[in-house]
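Hi there,

Here is the structure I promised to pass on to you. Have a look at it first, and then read on for what I found in it.

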Amino acid sequence: MKISVDGEPVIRKLGMFSLRRTSGYEFSVGSTETHQVRIEKTRKAVVGGVQAQECVAYIDGREAGRYSNAA
């Protein structure tokens with residue numbers, strides 16, 4: 001998994017197995033006006049790569065977007 005901002009990677013994580021169903025990633029964006037970004041990725045089963053996943057993005061604590069690959 002890779003999270004990029006303006007084409008530059010800010011988070012890279014390699015792995016297919018995790019016991020946690022929800023993963024959270026936090027980072028700051030901006031130089032003169034900074035914002036805190038948090039992305040939460042939730043999956044339904046232990047093998048997350050083959051199950052539906054949902055990602056929710058928060059900017060400064062407020063939900064800014066939601067993505068799901070569920071059919």
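Let me start with a charged pair: the side chains of Arg38 and Glu40 form a salt bridge, with N and O 3.0 Å apart. Please keep in mind that this is a predicted model. Neither partner is hidden away: Arg38 counts as partly exposed, at 28% relative accessibility, and Glu40 also counts as partly exposed, at 25%. Arg38 has an aromatic neighbour too, since it lies over the face of Tyr58, 4.2 Å from the ring centre.

**The other salt bridges**

How many salt bridges are there by this rule? The count comes to three. In general, side chains of opposite charge can pair when their charged atoms come close. Besides the pair above, Arg66 meets Glu54 through their side chains at 3.1 Å, N to O. That pair ties together distant parts of the chain, with Arg66 in strand β6 (residues 62–68) and Glu54 in strand β5 (residues 53–59), 12 residues apart. Arg66 also forms a salt bridge with Glu63, where the closest N and O atoms are 2.9 Å apart. Glu54, Glu63 and Arg66 are therefore linked in a network of salt bridges. On the surface scale, Glu54 is partly exposed at 29% relative accessibility, and Glu63 is partly exposed at 45%.

**The overall fold**

Stepping back, the protein chain has zero helices and six strands, so if you follow the elements from the N terminus you will read β-β-β-β-β-β. Of the 71 residues in the protein chain, 17% are buried. The chain exposes about 5500 Å², and carbon and sulfur atoms supply 51% of that area. Looking at contacts between residues at least 6 apart in sequence, 14% join residues at least 24 apart.

**The core**

Which residues make up the largest nonpolar core? There are six: Ile3, Ile11, Tyr25, Phe27, Val37 and Ile39. The elements that contribute two or more residues to this core are β3 (22–29) and β4 (35–43). Ile39 is a good one to click on. Leaving aside residues up to four places away in sequence, Ile39 touches Ile3, Ser23, Gly24, Tyr25, Phe27, Val56 and Ala57. Although the core includes both Tyr25 and Phe27, a search of the whole structure finds zero aromatic pairs.

**Two residues in strand β3**

Ser23 and Glu26 are worth looking at side by side. Ser23 is found in strand β3, and Glu26 has its place in strand β3 as well. Is Ser23 buried or exposed? Ser23 is buried, because its relative accessible area is 13% and the cut-off for buried is under 20%. Glu26, by contrast, is exposed, because its relative accessible area of 59% is over the 50% cut-off.

Their neighbours are as follows, again not counting residues up to four places away in sequence. Ser23 touches Lys13, Ile39, Glu40 and Lys41. Glu26 touches Ile11, Val37 and Arg38. Glu40 and Arg38, the salt-bridge partners I began with, thus turn up here: Glu40 among the contacts of Ser23 and Arg38 among those of Glu26. The C-alpha atoms of Glu26 and Glu40 are separated by 8.9 Å, and these residues are 14 apart along the chain.

**Two loop residues with a positive phi**

Finally, a point about the backbone. Most residues other than glycine have a negative phi. Asp6 has a positive phi of about 55 degrees although it is not a glycine. You will find Asp6 in the loop between β1 (2–5) and β2 (8–12), and at 78% relative accessibility Asp6 counts as exposed. Asp60 also has a positive phi, of about 50 degrees, and is not a glycine either. Asp60 sits in the loop between β5 and β6. How accessible is Asp60, then, and what does Asp60 count as? Asp60 has 44% relative accessibility and counts as partly exposed.

Best wishes, and enjoy exploring the structure!

Terms used:
Residues numbered from 1 in each chain as written. Predicted model: local features only at pLDDT ≥ 70, side-chain atom pairs only at ≥ 80, totals over all residues. Heavy atoms only, no water. Helix = DSSP H or I, 4+ residues; strand = E, 2+ residues; numbered from the N terminus. Buried < 20%, exposed > 50% of the residue type's maximum accessible area, 1.4 Å probe, protein only. Contact = heavy atoms within 4.5 Å. Areas by Shrake-Rupley, 256 points an atom, 1.4 Å probe, with all protein chains shown as cover. Core = buried A, V, L, I, M, F, W, Y, C linked by side-chain atoms within 4.5 Å. Phe/Tyr/Trp six-rings, centres within 6.5 Å; stacked < 30°, edge-to-face > 60°. Lys NZ or Arg CZ within 6 Å of the ring centre and 35° of its normal.
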